[in-house]
Amino acid sequence: MKLEGVELRRIAMPLVSPFRTSFGTTTVREAVLVRVVADGAEGWGECVAMADPLYSSEYADAATQVLGRFLVPALAASGPLKAHRVAPALAAFQGHRMAKAALETAVLDAELRAQGRPLADELGAVRDRVPCGVSVGIMDSVPELLDAVEEYLDAGYVRIKLKIEPGWDVEPVAAVRERFGDALALQVDANAAYTLADAPRLARLDAFGLLLIEQPLPEEDVLGHAALARRISTPVCLDESITSARAAADAITLGACAIVNVKPGRVGGYLEARRVHDVCAAHGVPVWCGGMLETGIGRAANLALAALPGFTLPGDTSGSDRYYRTDITEPFVVRDGHLDVPAGPGTGVDPLAGELAQVTRSTQWLPA
Ligand code: NPG
C-alpha cells in the first residue's frame with residue numbers, strides 16, 4: 001500500500017465516574033486517535049498515553065508531537081506501507097511505544113480492511129468471545145467500594161481487580177473477600193506504589209487467596225519483584241515493567257513474575273504484544289489483556305488480542321458503559337460476563353461520525 005496521509009485527532013471523553021489509582025484520579029480520558037489513509041483504505045489506532053506522564057513517561061501531548069514530527073515522516077519515507085514494516089521503520093526513535101503502537105495499529109487496520117481480514121485472525125485468535133474482568137478504583141470508603149463491586153458483579157463481570165496503595169490495601173481486600181466469598185476471582189493492582197520494605201504488609205494479602213498482585217514495585221525494579229515473589233505467596237504479575245517481549249523473557253527468567261499483563265500500547269503495538277504472549281506461553285506463564293480506559297476503537301483491538309490461546313485469565317476488557325456514557329463506536333455490551341470479539345475486517349469497528357465530532361478537540365492532517 002502507499003501512504004496518502006495520517007490524521008491525528010485529539011479527543012476528550014468524560015468518564016462515567018472518576019477513576020482513582022495510586023498515581024492519580026482520571027475524570028476525563030484524553031487520547032490521540034490516529035487515522036491512516038492508504039490506497040483509499042483507512043485504518044484507526046488509539047494511542048493510550050494519558051494526559052499526564054503518571055502511569056508511564058508517555059503523555060498525550062508528547063505522543064502527538066512525536067507522531068507529527070518524527071514517526072509519521074519516517075513512516076512516509078520508508079517505502080511500501082506494510083504493518084510488519086512499521087516497527088523497523090520507527091526503531092531509530094527511542095521509546096514512545098504508545099505513539100508507535102497507535103500508528104502501527106492504524107496501518108494494520110487499514111491493511112486488514114483492504115484484505116477483508118479480521119485482526120483476531122491475523123493475531124491467531126482461538127475464541128469468539130472473551131471473559132471480562134473489571135478494574136475498581138480506590139474509593140473514599142469501604143462501604144462505597146463494596147457497593148461498586150456489587151454493581152459490577154450484578155452486571156456479570158467474572159473477575160474483580162481492586163486498585164491498591166499504601167493505606168488502601170489489606171482492609172478493602174479483606175472486606176471484599178468477606179462480603180462476596182472465597183469463590184470470587186479477585187486480584188489487586190498497586191501501580192508501583194510500594195517498595196520492597198513493604199513486603200511484610202504485602203504478605204498479609206496472602207491470606208485472601210488473590211489470583212495475583214500486579215506491579216507492586218517501581219517499573220525498573222525487576223529484581224525487587226523477584227525478591228518480593230520469594231517473600232509472598234500471592235503470584236506476582238508485572239504490567240509497567242514489561243515493555244517488550246525481551247523484557248518479559250528477562251523478568252520471567254529472573255523469577256520476577258508468574259503472570260504478565262499484556263498491554264499493546266505499553267509494548268509498542270499488537271505485533272509485539274503477540275510476541276510477549278508467545279514468550280510467556282513458551283514459559284508456561286499465563287497472560288491477560290490489560291486496559292487503559294480505551295474507547296471502542298482501542299477496545300475492539302484488545303478483544304482480538306485477548307482471544308489468543310495464552311490469555312487464560314480474564315482481562316480488563318470491560319463494557320463501554322463501565323467507562324463512558326456514550327462511546328465513539330457501537331457500544332460493547334457485556335453479556336453473560338463476556339464480550340464478543342469483533343468479526344469484521346480489521347478491528348471490526350468504525351467510529352460513529354457524530355459521537356466522534358462531539359469529543360474531538362483538534363485534528364491535524366499530515367500528508368505523506
Ligand atoms: O478497564 O481500561 C480499564 C482500566 C484498567 O486499571 C486499569 N488500568 O494500571 O492497568 C492500569 C490501569 C490504567 C488505566 C493505567 C489508565 C493507565 C491508564
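Here are a few friendly notes on charges, contacts and exposure in this predicted model.

1. Let me start with the salt bridges. The count comes to 21 salt bridges in this model. Three pairs and one network are worth a look in your viewer, and they are taken in turn below.

2. Please look at R35 and E42. The two form a salt bridge, with the closest N and O atoms 2.7 Å apart. R35 has 17% relative accessibility, and because buried means under 20%, R35 counts as buried. Its partner E42 is partly exposed, with a relative accessible area of 32%.

3. Next comes a pair that links distant stretches of the sequence. R113 and D350 form a salt bridge, and their closest N and O atoms are 2.9 Å apart. R113 sits in helix α3 (residues 97–115), whereas D350 belongs to the loop between β12 (338–340) and α14 (353–359), so this pair ties together parts that are 237 residues apart in sequence. R113 is partly exposed at a relative accessible area of 22%, and D350 is also partly exposed, at 46% relative accessibility.

4. For a local pair, turn to helix α11 (residues 270–282), which holds both R275 and E272. Their side chains meet in a salt bridge of 2.7 Å, N to O. The two residues are three apart, about one turn of the helix. R275 counts as partly exposed at 40% relative accessibility, while E272, at 16%, counts as buried.

5. Beyond pairs, there is a network to trace. R159, K161, K163, D189, E214 and D316 are joined into one network by salt bridges that share partners.

6. Now for charges of one sign. Which residues form a negative surface patch? They are D140, E144, D147, E151 and D154. Of these, D140 lies in the loop between β5 (133–136) and α5 (142–154). D140 has 68% relative accessibility and therefore counts as exposed.

7. Finally, a word on A51, which you will find in the loop between β3 (41–47) and α1 (60–76). Is A51 buried or exposed? Neither quite fits: with 27% relative accessibility, A51 counts as partly exposed. Leaving aside residues up to four places away in sequence, A51 touches E30, Y59 and A60. If you would like a distance to check, A51 and H225 are 28 Å apart in space, C-alpha to C-alpha, and 174 residues apart in sequence.

Methods
Residues are numbered from 1 along each chain as its sequence is written. This is a predicted model: local features need pLDDT of at least 70, side-chain atom pairs count only at pLDDT 80 or more; totals for chains, interfaces and linings use all residues. Side-chain values use heavy atoms; hydrogens and water are left out. Patches are made of residues with over 30% relative accessible area and no salt bridge: like charges are joined within 9 Å, nonpolar side chains (Val, Leu, Ile, Met, Phe, Trp, Tyr) within 5 Å. Accessible areas come from the Shrake-Rupley method with a 1.4 Å probe; for residues, only the protein chains shown count as cover. A salt bridge is a side-chain nitrogen of Lys or Arg within 4 Å of a carboxyl oxygen of Asp or Glu. Lys and Arg count as positive and Asp and Glu as negative; His and the chain ends are not counted. The place of a charge is taken as NZ of Lys, CZ of Arg, CG of Asp or CD of Glu. Helices (H or I, at least four residues) and strands (E, at least two) are DSSP runs, numbered from the N terminus. Buried means under 20% relative accessible area, exposed over 50%, partly exposed in between (1.4 Å probe, protein chains only). Contact means heavy atoms within 4.5 Å.
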